[in-house]
Amino acid sequence: MLYKTLKTFPQNFLWGGSTSAYQFEGAWDEDGKSPSIVDMYCHPEDVADFKVASDHYHHYKDTNWRDTMFNLNYSKADSSTFIIKSVNGRVRQQGKGLSFWYNSATTSIAALPLNAQEAPFIFNFQTSDFQGLRIQGQISFQVKAPEKAAEVLNFNLSKNGKSYASEDPLKLSDRVVRIAQTLIQAKIQSTPLREALLLSQSLVTLVMEQLIEHPSLEALGIAILDVSIAAITPSPETLKALEAEARESLLKEADDAIYARRKFSVEQERTIKEAELETDLSVQRKRQEIEEARLENERTLLREQAEIEKERLEAKVNAEAKRKELVALSAENQRTQSEADAYAIEATMRAYRELPVENLKAMALAKMDSQQLMAMAFETLALNSGKIGELNITPDLFSQFMKKGSK
């Protein structure tokens, strides 16, 4: 069909494009894809197959082909990015982590990061006593209402879809830091240096509370997560002066401590000496008490020994008296015994004198044993040997006398 004249496309006309998968994707055997009918088809030698095709599978992120296909582009955001898609100035789609095709000629994309952002700062202020002070810290914040932030600042991406079209997103941290700077400056300028050096925790609380309620941040949809003060330092000259003063104070405290320690040592030594003297006095008193107790014991012992000796002497005197009586009684008894023995002897002798000699011999022989009798017999033989003519005494006779005598 031949058209001599063509009607113009309407202003809101949307171009579209389409293609089949096997003509466009390529990667016919990758990532678990199974062969299709087209893959199994045998192509002539001079005709290209569809194993590679446009190779969209490997190049869909490239910009070369997107810019040549009627301004069609593909956008894919991560889950921490809030996307606002606008077509001809009207919001068509918004949300986190969106992915879509779009026409770069009529579509604008605003990308707002939702993750926590850090804004470090270093401020140089002057205290109420005109001393320089440096404050270093960090503010953590997050875009909680991306729609509000998109209304105030330009978060639109450039045509390549990779960078921002303006510098507003980069100035977001500066806005938060400038507000915090104003709050901290008002506090520092009304505080003397010595107090300002100790304001770390109170400054954190003050800035946190006022930033949370600040209308400018609320209009930007920003929520403050955390405020930290890393350091509050004076100027080098002031720091040296403070260090010198603190050093002198520490040295004075050290001297006072040394003096107090020496004083305490002297007092302790005096206490020890007093304790030693008191101990010596106690020892002397104890020794005196022991000596007195020893003397008293010796006195008591001597007294007891004297009493014992007295008792012993009295007992000895009594014993001597008893012995005297005993001797006298013994002498009397011996005298009486002697008189009785003399009387008995006298009576015996008188009886002996009155008895015949033969009777006396018979009495004497009656009391003798066999050997004495033999001796008496031999004595009688010896006395009368003159009268004996011949007497034979054989050894057998002696042996018999000896046997009888032994029995």
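**Exercise 1. Find which elements the buried residues of α7 pack against in this predicted model.**

Solution. Start with the partners: the buried residues of α7 pack against β7 (132-143), α5 (172-188), α8 (215-220) and β8 (222-234). Next, pick out the residues behind that packing, which are Leu203, Val204, Val207 and Leu211. Looking down the axis of α7, you'll see these buried residues fall within an arc of 100°, so they line one face of the helix. Now turn the helix around: the face away from the buried side carries the exposed residues Gln201 and Ile212. To finish, check the span. Helix α7 covers residues 200-212, and its 13 residues reach 18 Å from first C-alpha to last, close to the 18 Å expected.

**Exercise 2. Work out where the buried residues of α5 sit around its axis, and what they pack against.**

Solution. List them to begin with: Leu172, Ser173, Val176, Val177, Ile179, Ala180, Leu183, Ile184 and Ile188 are the buried residues of α5. They cover an arc of only 165° around the axis, which puts them on the same side of α5. On the face turned away from that buried side you'll meet the exposed residues Thr182 and Ala186. Then go through the partners: the buried residues pack against β6 (117-126), β7, α6 (193-196), α7, α8 and β8. As for length, α5 has 17 residues and reaches 25 Å from its first C-alpha to its last, close to the 24 Å expected.

**Exercise 3. Identify the residues of the largest nonpolar core that touch the most other members.**

Solution. This core holds 40 residues, and the ones to look for are Ile135, Ile184, Ile188, Leu211 and Ile224. By element, α5 gives the most to the core, with 8 residues. Now zoom in on Ile224. Skipping residues up to four places away in sequence, Ile224 touches Ile139, Ser140, Phe141, Val176, Met208, Leu211, Ile212 and Leu217. There is also a second, separate core of 8 residues, with Ala77, Tyr102, Ile109 and Leu157 among them.

**Exercise 4. Describe the aromatic pairs formed by Phe100 with Tyr102 and by Phe155 with Tyr164, and say how buried each residue is.**

Solution. A search of the whole structure turns up 5 aromatic pairs. Take Phe100 and Tyr102: their rings are 6.0 Å apart centre to centre, with 70° between the planes, which makes the pair edge-to-face, since over 60 degrees counts as such. Phe100 is buried because its relative accessible area is 7%, and Tyr102 counts as buried at 7% too. Phe155 and Tyr164 are also edge-to-face, at 6.1 Å and 75°. Here Phe155 is buried, at 2%, whereas Tyr164 counts as partly exposed at 31%. Elsewhere, ring pairs link Phe121, Phe123 and Phe125 into a cluster.

**Exercise 5. Decide whether Thr107 is buried or exposed, and list its contacts.**

Solution. First place the residue: Thr107 is in strand β5 (residues 107-113). Its relative accessible area is 13%, so Thr107 is buried, as the cut-off is under 20%. Leaving out neighbours within four places in sequence, Thr107 is in contact with Lys85, Ser86, Val87 and Tyr102.

**Exercise 6. Find the elements with the lowest and highest mean pLDDT.**

Solution. Start from the whole chain: its mean pLDDT is 83, and 84% of its residues reach 70 or more. Going element by element, helix α12 (residues 395-406) has the lowest mean, 63, and β7 the highest, 94. Where pLDDT is low, don't read the predicted coordinates in detail.

How values were computed. Residues numbered from 1 in each chain as written. Predicted model: local features only at pLDDT ≥ 70, side-chain atom pairs only at ≥ 80, totals over all residues. Heavy atoms only, no water. Helix = DSSP H or I, 4+ residues; strand = E, 2+ residues; numbered from the N terminus. Buried < 20%, exposed > 50% of the residue type's maximum accessible area, 1.4 Å probe, protein only. Contact = heavy atoms within 4.5 Å. Expected span 1.5 Å × (residues − 1). Arc of directions from axis to C-beta. Core = buried A, V, L, I, M, F, W, Y, C linked by side-chain atoms within 4.5 Å. Phe/Tyr/Trp six-rings, centres within 6.5 Å; stacked < 30°, edge-to-face > 60°. pLDDT = per-residue confidence, 0-100.
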